[in-house]
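Visitor: I am new to this structure and would be grateful for a guided reading of it. May I see it before I put my questions?

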Amino acid sequence: SQIVIVLSLERFKGKQDMKHKDQDDGSSVPTPTNYRQLPELSWSERIITDGVISLLANTQYVYIFTFLFWMEVPHMFPHSWLPTIDSYSFGLFPDINKVDPPISPLDTFISWIIFFGSIVVYVFVYSIMKILDLPGWKTSIVLASSSVMTLGTVLRLHHDSLHLPMLWIYAIGNFAYSATTMTKLSENNGSREWAEFREFYTLWDIFEKYFGFQLHLSDDLKKIAPKIGAEDAPENLKQLMLGFHPHGIFPLTHIWMSSSRTWRNAFPNLKINALTASIIHVVPLMRDFAQWGGVCDVAKKSVYNLLGMGRSIQLVIGGQTEMFESRSWEKEVMLVRKKRLGVFKIAIQHGLGIMPMYCFGETQAMDNVYFPKIQSYIKSKVGFPIPYIPYGRYFLPIPRRVPITVVVDIPVFPRKKCDKPSLEDIVDFQTRYYSALEKLFEENKKKYGHSSHSIKWMDS
């Protein structure tokens with residue numbers, strides 16, 4: 001993936017050309033030095049914040065490569081130690097020299113690939129179950145069957161392998177995990193939300209410190225913010241929908257922001273479930289952290305479930321389309337507008353206001369490899385632009401430490417509640433919402449170091 005990133009660096013030529021052009025006309029391209037300065041961190045704070053951010057931004061890789069690490073452990077010790085390690089670990093870390101020829105690191109890697117492939121199979125099956133919208137008990141049966149078949153096949157292939165004990169441990173663990181966490185469809189109802197995890201402010205303070213997080217409320221919103229979500233709040237403020245913009249490459253702020261101390265102080269009574277792409281809810285460990293934090297799937301079923309439960313929801317209205325148009329160096333921020341009617345239809349049906357939010361710095365935190373012709377072609381064929389390799393700090397999938405500022409305005413309300421709104425009603429609501437969002441952006445961009453940025457609407 002790092003080779004692909006380097007090959008895509010041709011885009012920096014265009015970036016440099018843009019800088020020179022702007023210098024000629026007296027303007028400047030926004031760089032980190034134009035933004036507000038982040039406070040310096042001590043060496044101990046840097047170790048903690050960098051470690052936590054790197055881990056939580058890449059939990060999908062942690063699960064995969066931890067298993068590979070444990071399988072490769074026997075290759076890391078002197079051969080004379082291996083018989084003792086094999087004996088005391090009950091074969092989990094085998095003596096690779098017991099067979100002739102000895103097991104090589106490549107042999108172990110191939111075993112890992114085969115096992116990982118079996119996990120991919122039943123994760124794919126789980127995705128199909130969600131699409132078919134089967135009841136929980138049917139999902140459980142299909143998942144259990146696919147797990148037994150795929151993992152059983154792998155174990156049978158390795159019946160005489162020295163890695164069999166370790167494979168058994170992981171097979172049982174994965175079967176237990178899928179049977180206990182994937183059968184309640186928690187991504188549709190928030191049933192795995194963990195209040196203690198959301199209130200673990202020591203963790204969320206690390207995110208705030210890393211990004212220098214600031215929350216700015218408009219003057220009108222400051223007057224009503226403490227009441228929003230409260231039991232004695234006006235009826236139209238008890239439940240809301242919140243629109244987060246822009247998507248960026250990976251909207252990390254969208255996921256952790258509502259659990260932060262700063263957000264809770266500004267909105268003490270507003271309980272939110274952030275909604276994210278389905279892929280986050282099928283990858284072990286990544287889905288656990290997300291769901292403990294109250295994050296749910298952005299599917300329509302989740303939206304109706306949560307709204308029916310009286311919860312407020314927060315979603316990135318522009319969706320993944322914005323993700324593939326995000327460039328940290330571009331002065332134009334691409335926002336999707338025309339095709340996003342479903343959100344406004346649901347809001348009208350429930351009589352809910354939508355509160356606009358804009359996150360300054362989100363598009364600067366990460367980039368994706370840039371092969372526009374290839375990505376555009378593949379996206380037109382399969383719906384997903386490949387290659388997708390996000391990167392940020394050190395050209396790794398770690399967000400850059402840039403100032404993050406979220407500005408929020410008062411909710412925009414539908415003119416009336418209606419079970420079957422007309423297209424005119426939906427478009428009217430959408431137009432007023434995006435006008436409010438654009439006004440919010442223009443009023444605050446200079447204050448937070450983005451004066452040369454502008455919104456470009458993607459209406460095609």
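The conversation below takes up the nonpolar core, a helix and some backbone features.

Visitor: Which helix gives the most residues to the largest nonpolar core?

Guide: The model is a predicted one. Its largest nonpolar core has 43 residues, and the elements that each supply at least two of them include α3 (43–56), α10 (201–211), β1 (214–217) and β10 (405–408). The helix that gives the most, with 6 residues, is α10.

Visitor: Which residues of this core touch the most other members?

Guide: In soluble globular proteins, nonpolar side chains tend to be buried together. Within the core of 43 residues, the members that touch the most others are F207, L215, W263, F267, M355, V406 and V408.

Visitor: With which residues is L215 in contact, leaving aside its neighbours within four places in sequence?

Guide: L215 is one of the core residues that touch the most other members. Once its neighbours within four places in sequence are left aside, L215 is in contact with T262, W263, A266, F267, V406 and V408.

Visitor: What distance does α6 reach from its first C-alpha to its last?

Guide: Helix α6 (105–132) has 28 residues. At 1.5 Å a residue, the expected span is 40 Å, and the model comes close to this with 41 Å.

Visitor: Which residue follows α6, and what is its phi?

Guide: Helix α6 has buried residues, among them W112, F115, Y122 and Y126. After the helix comes D133, with a positive phi near 55°.

Visitor: Is F90 buried or exposed?

Guide: F90 lies in the loop between α5 and α6, and its phi is near 55°, a positive value in a residue other than glycine. Exposed means over 50% relative accessible area. F90 has 75%, and it is therefore exposed.

Visitor: What is the relative accessible area of L285, and where is this residue found?

Guide: L285 also has a positive phi, near 75°. L285 is found in the loop between β3 (272–276) and α14 (286–292). L285 is partly exposed, with a relative accessible area of 25%.

Visitor: Where is the cis peptide bond that involves P101, and what is its omega?

Guide: Most residues other than glycine have a negative phi, and most peptide bonds are trans. P101 is in the loop between α5 (82–88) and α6 (105–132). The cis bond joins D100 and P101, and omega is about 0°.

Visitor: What is omega for the peptide bond from H245 to P246?

Guide: P246 has its place in the loop between β2 and α12. The bond from H245 to P246 is cis, with omega near -10°.

How values were computed. Residues numbered from 1 in each chain as written. Predicted model: local features only at pLDDT ≥ 70, side-chain atom pairs only at ≥ 80, totals over all residues. Heavy atoms only, no water. Core = buried A, V, L, I, M, F, W, Y, C linked by side-chain atoms within 4.5 Å. Buried < 20%, exposed > 50% of the residue type's maximum accessible area, 1.4 Å probe, protein only. Helix = DSSP H or I, 4+ residues; strand = E, 2+ residues; numbered from the N terminus. Contact = heavy atoms within 4.5 Å. Expected span 1.5 Å × (residues − 1).
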